[in-house]
Structure formats: C-alpha cells, structure tokens
Amino acid sequence: MPHIAQHPPLKTGEHQVLRAVLPLAKRQRLQALADQQLQDRSSRPLYIAQQEALGHTPIQRYRAAGVHALLAAAAPWLHAYLGEQWLVLGGKVLLRRTWPLSEEEARGLGHNASNLVWHQDSNASHGARPMVVLMTCLQDGSGSTVPGLSLLEAPVSEFFGMFGYEGNRVPAFERQIAERFGELRMVTPVLNAGDLLLFDGLTFHCTASNGTMTGHRDALLIRVVRPEDAMHFPPGPHLQLG
C-alpha cells in the first residue's frame, strides 16, 4: 500500500465529513439504479454485490458504484483506525432510499423501523473491535431538506445494540446517556450529493427524518473492518485491500 498521510483515529462519538468525494458519473449510475428498484416506501436496500447492472463480478460492481473512490478518500482515517489491511463487508455495502417519514410511520414498515431509533453498526460478536462506517448521499440537503443522519456525541466503549424499536425505550436511553456523560449531545451533519460521512461502528446514530422534508434521500453505505474480524459477520463476497 502506498504511503498514506496520518490522521488521528476516529473516536466513538466523533465524525468526519469529506466534501464532494463521489464522482458525478458514479452518482448518476447509482441514482438510476435506485430509481429503477427503490420506487416505494416498502422497498428494501440493494446489495451492491448482487447488482448485475453494475458489472459481471462483485469487485466490478463495487468499483462501478464508487466504493474504491470512497475508500481512497477515506484512506488516512481507515489506515489510522484499522491499520494497513482493510476488509469491506460485502453484506454491508448497500444502496438505501430513505423517505421523509415520522417514527410512527417508519415503524409500520417493520424492516425499516430501526433507522429512526438509536443504534450502533457493530454487533454483539464484533463488539468494540474497530469498524469504520462510510455514508455518501446522492442528493443535496441531507439532514436539512431530505433525510439525514443524527449522531450521538457520546464516547461509549461497548456494544449496546438498538434502542426504541418498540417505541418506549428511547427516552430512558437518552436519560441514561445524559446521566453517564453529563449531557445529551447530538449532531446532524448537512451533506450534499457526493459528500462522505465517516464514523466508527460504536457511534450511536439514527435517521434524521420528519414529515416536513421535501423528498427522499439515497445513500451508499459501507462498513470496513480488519480482515481478521471477518468471522464476526456473514460470508461475503467481501473486498480486501492492502
């Protein structure tokens, strides 16, 4: 791997925004895919590795979707946090369309309900082992005029899971965070098309969405870990770099 400028590792509760990273041609190709297959509020996310329209092999599909371009931009942070070897989790390279729904409406969809409640992207097996999450949007105004992502600025050090699926645990969880860290701090970065958001796998986050937003948001989501941690996740096809 060529020399990469060093950056401090991302800490839980922190985030980094890189502007205008995903090239227009990649965004247009993903947008066309989303418009073809994510046409209503019950649509499930698309696994990039399975999208034959993007290429003959999973690696070709990842490259066509812009995964390699995003990883190149994020390389200083990935290197600082994960080391020289990275594993892109194939089952977690997703193209997701998020509609401007209230939490009650989202819960009615079942499979999308967790997007609007506080959760972490690690899992019980992976725990506090390093993970970097990448998200890039295809529309302007994510977090403002279209749905975005709110992040909890709390330096938690363990995997808790998800809070609020049944609708009655969010207030208790937020009180617990405020008591533990002295306050409840959250941020919703405003992203435009092609911007890249980075955060670590223990950072609590949730979809920022409400009924006053003017349209949907399409986002490409990627999770990256160390190769030796592949055992904590379902089989690929993963993408290993380094």
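This passage looks at the aromatic ring pairs in a predicted model.

A search of the whole structure turns up two aromatic pairs. In one of them, Phe160 meets Phe204, with 6.1 Å from centre to centre and 35 degrees between the planes, and the pair is described as tilted. Where do these two residues sit in the chain? Phe160 belongs to the loop between strand E7 (148-152) and strand E8 (162-163), while Phe204 belongs to the loop between strand E10 (196-200) and strand E11 (205-208), so their pairing ties together parts that are 44 residues apart in sequence.

The two partners can also be described by their accessibility. Phe160 has a relative accessible area of 30% and is therefore partly exposed, since buried means under 20% and exposed means over 50%. Phe204, with 1% relative accessibility, counts as buried.

Phe204 also pairs with Phe173, and this pair is tilted as well, at 4.7 Å centre to centre and 50 degrees between the planes. Here, too, distant parts of the chain are linked: Phe173 lies in helix H5 (residues 170-181) and Phe204 in the loop between E10 and E11, 31 residues apart. Is Phe173 buried or exposed? Its relative accessible area is 3%, so Phe173 is buried.

Taken together, the ring pairs join Phe160, Phe173 and Phe204 into a cluster.

Key:
Residues are numbered from 1 along each chain as its sequence is written. This is a predicted model: local features need pLDDT of at least 70, side-chain atom pairs count only at pLDDT 80 or more; totals for chains, interfaces and linings use all residues. Side-chain values use heavy atoms; hydrogens and water are left out. Rings of Phe, Tyr and Trp (its six-membered ring) pair if their centres lie within 6.5 Å; planes under 30 degrees apart count as stacked, over 60 as edge-to-face and the rest as tilted. Helices (H or I, at least four residues) and strands (E, at least two) are DSSP runs, numbered from the N terminus. Buried means under 20% relative accessible area, exposed over 50%, partly exposed in between (1.4 Å probe, protein chains only).
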